[in-house]
Amino acid sequence: MIGRLNHVGVATPSIEKSIALYRDVLGATKIHNRFKMEEQGVWVCFVDVPNSQIELIEPIDDKSPIAGFLKNNPEGGQHHICFEVDDLYAARDDMVAKGARVLGAPRIGAHGTEIIFVHPKDMGGVLVELMQKPH
Ligand code: CO
């Protein structure tokens, strides 16, 4: 039921500086406009790579959940990985049935479809985002 790797989430203290890295050092050419996700307390910017995307995430302020991550990782770092699923609610129920902790209710993610997060302690230390595959 695991689908395509949609994106890798990277927390950063500065989307501007991260864009420069991906563009100037790694040679990324398709960098989308940044946008604010008010409810998540973050700025988001997608960088396309040939087979996936990097999701740059910068906290809006100190109350952002990402602010805590950056306190422990001041230069930023890999924050989560996101897989597409065909049916998010079925995937959520399946995760719960298998004993994995799902963090919160399904909500609209950065791509405009519903997402959930699965606790890293139940995923070998990796925060996993599951995302309803766009139609
Ligand atoms: Co994400």
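## Cobalt site, surface patch and helix α2

The cobalt ion has four protein donors, H7 (NE2), E55 (OE), H80 (NE2) and E129 (OE), at 2.1 to 2.2 Å from the ion. The model described here is predicted. Along the chain, the donors of the cobalt ion are spaced as H-x47-E-x24-H-x48-E. E55 belongs to strand β4 (residues 52-59) and E129 to strand β8 (residues 128-132); these two are 74 residues apart, so the pair links distant parts of the chain. Both of these glutamates, E55 and E129, are buried.

Why is the arrangement around the cobalt ion irregular? The four donor atoms subtend angles of 84 to 170° around the ion, which makes it so. A tetrahedral site would need all angles to lie between 85 and 135 degrees.

On the surface, L21, V25 and L26 form a nonpolar patch, and together they have about 340 Å² of accessible area. L26 sits in the loop between α1 (15-25) and β2 (35-37). L26 counts as exposed because its relative accessible area is 63%, where the cut-off is over 50%.

Helix α2 (residues 65-72) has residues of both kinds, as the table shows.

| Residues of α2 | Buried or exposed |
|---|---|
| I66, A67, L70 | buried |
| P65, K71, N72 | exposed |

The buried residues I66, A67 and L70 cover an arc of only 105° around the axis, which puts them on the same side of α2. The exposed residues P65, K71 and N72 are on the other side of α2. An α-helix has 3.6 residues a turn, so residues three or four places apart point the same way.

Definitions and conventions. Residues are numbered from 1 along each chain as its sequence is written. This is a predicted model: local features need pLDDT of at least 70, side-chain atom pairs count only at pLDDT 80 or more; totals for chains, interfaces and linings use all residues. Side-chain values use heavy atoms; hydrogens and water are left out. Donors are N, O and S atoms within 2.8 Å of the metal (3.2 Å for Na, K and Ca); water is not among the atoms, so sites may look incomplete. Four donors count as tetrahedral if all angles lie between 85 and 135 degrees; four count as square planar and six as octahedral if opposite donors are over 155 degrees apart and all others between 65 and 115; anything else is irregular. Helices (H or I, at least four residues) and strands (E, at least two) are DSSP runs, numbered from the N terminus. Buried means under 20% relative accessible area, exposed over 50%, partly exposed in between (1.4 Å probe, protein chains only). Patches are made of residues with over 30% relative accessible area and no salt bridge: like charges are joined within 9 Å, nonpolar side chains (Val, Leu, Ile, Met, Phe, Trp, Tyr) within 5 Å. Accessible areas come from the Shrake-Rupley method with a 1.4 Å probe; for residues, only the protein chains shown count as cover. A salt bridge is a side-chain nitrogen of Lys or Arg within 4 Å of a carboxyl oxygen of Asp or Glu. The arc is that of the directions from the helix axis to the C-beta atoms.
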